[in-house]
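Biologist: Please take a close look at the lining of the largest pocket in this model. Which element gives the most to the lining?

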Amino acid sequence: MIVSHRAIEKLKIDEGFSSKPYPDASGYSIGYGHFIQKGEKYTFITKQDAELLLIKDLQIAINKIKNAIIIPLNQNQIDALVLFAYNTGRSESTLYNLINKNAPESEIKKWWISNYITSLGKYFPKLKDRRIWESNLFFEKMNPAAIGSGIALILIPAILYFIYK
């Protein structure tokens, strides 16, 4: 399971880049939305290091989807679900249950665009926009030329990370 270049670029735009920690949900984030975990001490990050961290975080999100979804997925569906998992951190979700039971598109979309649109009890239109984009992508017809377009973007930085680590 890979994430396409298109999805990664969308994620980078949605998250934005911050070289310094900023308040996010119940803690702090840095780079492209990396939620700083206990024991991590980030005070500054370069774009290059943030991209490596993004790759590691995307792999975590991919693993969440691999473990949660039991039906076959096309590339758009993988991208949409990985972006959702990256942003929400969810390993389990009603969304995944709806998808696994092949619920009607209208039911899945209704749930998708109505949940995870707040943070700390406050409504955020940008989160609603993300959920709408993800749900639309999930049901978008596949463009055959897009299949496999994320392989190099995921593998090359990951390989370089382990070579130079």
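Modeller: α6 gives the most to the lining of the largest pocket, with five residues. This is a predicted model. In the sequence, α6 covers 125-139. Other elements also supply at least two residues each. Among them are the helices α1 (5-15), α2 (47-68) and α3 (75-88). The strands β1 (18-24), β3 (34-35) and β4 (118-119) do so as well.

In total, 29 residues line this pocket. Nearest its centre lie E15, D24, G33, Y86 and N87. E15 falls within the span of α1, and D24 within that of β1. Y86 and N87 belong to the stretch covered by α3. The space in the largest pocket comes to about 980 Å³. By class, its lining has 12 nonpolar residues, eight polar ones and nine charged ones.

α6 also turns up in the lining of a cavity. A search of the whole structure finds one cavity of 30 Å³ or more. About 40 Å³ of space lies inside this largest cavity. Its lining is made of K10, L11, D14, L83, R130, W133 and E134. Here α1 and α6 are the elements that give two or more residues. K10, L11 and D14 sit in the α1 range, while R130, W133 and E134 sit in the α6 range. L83 falls in the range of α3. The cavity lining has three nonpolar and four charged residues, with no polar ones.

To return to your request: α6 supplies five residues to the pocket lining, and α6 is also one of the elements giving two or more to the cavity lining.

How values were computed: Residues are numbered from 1 along each chain as its sequence is written. This is a predicted model: local features need pLDDT of at least 70, side-chain atom pairs count only at pLDDT 80 or more; totals for chains, interfaces and linings use all residues. Side-chain values use heavy atoms; hydrogens and water are left out. On a 1 Å grid over the protein atoms alone, a cavity is a set of points where a 1.4 Å probe fits but cannot get out, and a pocket is an open set with protein on both sides within 12 Å along at least five of seven lines; lining residues have an atom within 4 Å of a point. Grid points are joined across faces, edges and corners, and a volume is the space filled by probe spheres set on the points. Helices (H or I, at least four residues) and strands (E, at least two) are DSSP runs, numbered from the N terminus. Ala, Val, Leu, Ile, Met, Phe, Trp, Tyr, Cys and Pro count as nonpolar, Asp, Glu, Lys and Arg as charged, and the others, Gly among them, as polar.
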